[in-house]
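Subject: Structure for your files

Hello,

Here is the structure I said I would pass on. My notes on it follow below the file.

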Amino acid sequence: MPLVSMRQLLDEAAKGGYGVGAFNVNNMEQIQAIMEAARETRSPVIVQASRGARSYSQDSYLFHLMIAATELYPEIPVAMHQDHGNSVATCKSAIDQGYTSVMMDGSLMEDGKTPSTFEYNVKVTREVVELAHARGVTVEGEIGTLGGIEDGHGAGGSGLEHLTDPDQAAEFVKQTGVDALAIAIGTSHGAYKFSSKPTGETLKMDRLIEIHKKLPNVHLVMHGSSSVPKELQDIINQYGGKLKPTWGVPVEEIQLGIKNGVRKVNVDTDNRLAMTGAIRKVFAETPEKFDPRDYLKPAREAMKKVVAQRMKEFGQAGHAGDYTPIPLSEMAKMYR
Ligand SMILES: [Zn+2]
């Protein structure tokens with residue numbers, strides 16, 4: 001099947017009461033890992049590319065790999081999403097390329113670092129919604145800003161500086177017409193999210209529940225939702241890595257989010273850790289090997305395992321065959 005509208009994927013997830021993992025990719029092995037995990041668990045899935053990923057892969061490589069994925073896994077509904085678009089132009093270029101969903105992150109200015117004003121955010125997001133919906137493409141917006149920096153994008157800090165205000169979130173959705181809303185509840189991008197297991201003081205799940213009560217029909221998005229499991233950190237450090245102790249978002253907190261309107265869960269770091277650990281292990285145990293496939297195959301397998309586990313934990317497993325994809329041209333009519 002062709003790439004699917006993310007809005008449809010999320011609407012179905014809302015009906016079924018589950019969340020859908022959105023996994024970041026830069027290369028073929030990561031796409032293969034996600035698609036294999038989706039087949040094994042029969043899961044619909046969101047694959048997403050940051051601006052950094054698009055530039056790393058010269059844009060065209062990555063997009064054509066995704067087309068290959070739809071041909072090789074025709075039974076899997078998959079949406080292709082631009083992660084953290086920094087401007088209308090970035091989102092437009094993704095739509096022109098064939099992405100079925102874009103994020104306009106107007107919570108930051110075009111530099112991807114400086115927090116913006118509410119008015120600026122509404123203006124650029126509204127503009128993207130107009131041009132995306134006309135072509136049946138989904139739009140995710142963001143209100144409040146996350147902590148940390150990933151792929152050169154992010155406000156930095158702990159993530160507690162600009163939490164999402166529930167009333168402002170409601171006003172933002174009303175003024176922009178976004179399909180999905182990323183909220184800031186204390187999470188950060190990257191591996192170093194929390195310096196100890198997060199508590200209600202550092203991860204504001206109450207805030208998420210409050211936002212969901214105000215916006216029961218909006219698909220909420222949790223960014224920076226890797227769990228950063230100790231087992232994956234340990235493998236890296238066991239084979240010569242030097243990660244400092246760190247904590248991510250516990251899966252049970254994500255599951256609480258899913259019970260309260262979270263439909264898209266962004267995961268990147270866990271997959272990076274899994275791949276790097278597997279590669280380090282091969283290098284350490286068999287230093288005579290030099291064929292990239294000797295370490296990329298175990299890396300791909302390690303990532304597949306993590307993705308498949310998350311698919312089961314988020315509840316999307318088993319739902320790949322639930323629905324027939326609506327063509328983007330039909331989605332465009334529905335938006336009108
Ligand atoms: Zn993000």
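**Strand β3 and its neighbours**

All 8 of the 8 residues of β3 are buried, so this strand is largely enclosed by the rest of the structure. Please keep in mind throughout that the model is predicted.

β3 covers residues 78-85, and it pairs in the parallel sense with β2, residues 45-49, over 5 bridges. Within that pairing, I46 stands opposite A79 of β3, and A49 has Q82 of β3 as its bridge partner. β3 also pairs with β4, residues 101-104, again in the parallel sense, here over 3 bridges. In this second pairing G85 stands opposite M104 of β4. As background, the strands of a sheet pair through backbone hydrogen bonds, either parallel or antiparallel.

**The barrel**

Which strands make up the barrel, and in what order do they run? The order is β1-β2-β3-β4-β5-β6-β7-β8, a closed barrel of 8 strands with parallel pairing. On average, neighbouring strands of this sheet are turned by 25° against each other, direction ignored.

**Helix α5, between β3 and β4**

The connection from β3 to β4 includes helix α5, residues 88-97, and β3, α5 and β4 make a right-handed β-α-β unit. Which residues of α5 are buried? They are V88, T90, C91, A94 and I95. These residues cover an arc of only 165° around the axis, which puts them on the same side of α5. The face turned away from that buried side carries the exposed residues A89 and D96. What covers the buried residues of α5 includes the two strands of the unit, β3 and β4, together with the helices α3 (51-56) and α6. Just after α5, G98 takes a positive phi of about 120°.

**Helix α7**

Helix α7 spans residues 166-176, and its residues A169, F172, V173 and T176 are buried. Seen down the axis of α7, these buried residues fall within an arc of 95°, so they line one face of the helix. On the face turned away from the buried side, α7 carries the exposed residues D167 and K174. The cover over the buried residues of α7 includes the helices α6 (118-133) and α8 (205-214), and the strands β5 (138-143) and β6 (180-183). Helix α6 is thus named in the cover of α7 and also in the cover of α5. Just after α7, G177 takes a positive phi of about 75°.

**The protein as a whole**

The protein has 13 helices and 8 strands. Its C-alpha atoms fill a box of roughly 60 × 45 × 35 Å, taken along the principal axes. How does the radius of gyration compare with that of a compact globule, and why? With 336 residues, a compact globule would have a radius of gyration near 20 Å, and the protein has 19 Å, which agrees. Buried residues make up 52% of the 336 residues. Among contacts between residues at least 6 apart in sequence, 75% join residues at least 24 apart.

Regards

Technical notes. Residues numbered from 1 in each chain as written. Predicted model: local features only at pLDDT ≥ 70, side-chain atom pairs only at ≥ 80, totals over all residues. Helix = DSSP H or I, 4+ residues; strand = E, 2+ residues; numbered from the N terminus. Rg over C-alpha atoms; globule rule 2.2 N^0.38 Å. Buried ≥ 20, exposed ≤ 12 C-beta atoms within 10 Å, placed from the backbone. Contact = placed C-beta atoms within 7 Å. Arc of directions from axis to C-beta. Pairing = 2+ DSSP bridges. Axes fitted to C-alpha atoms, helices over the stretch in contact; angles between N-to-C directions. Right-handed = clockwise from strand over helix to strand, strands pointing away.
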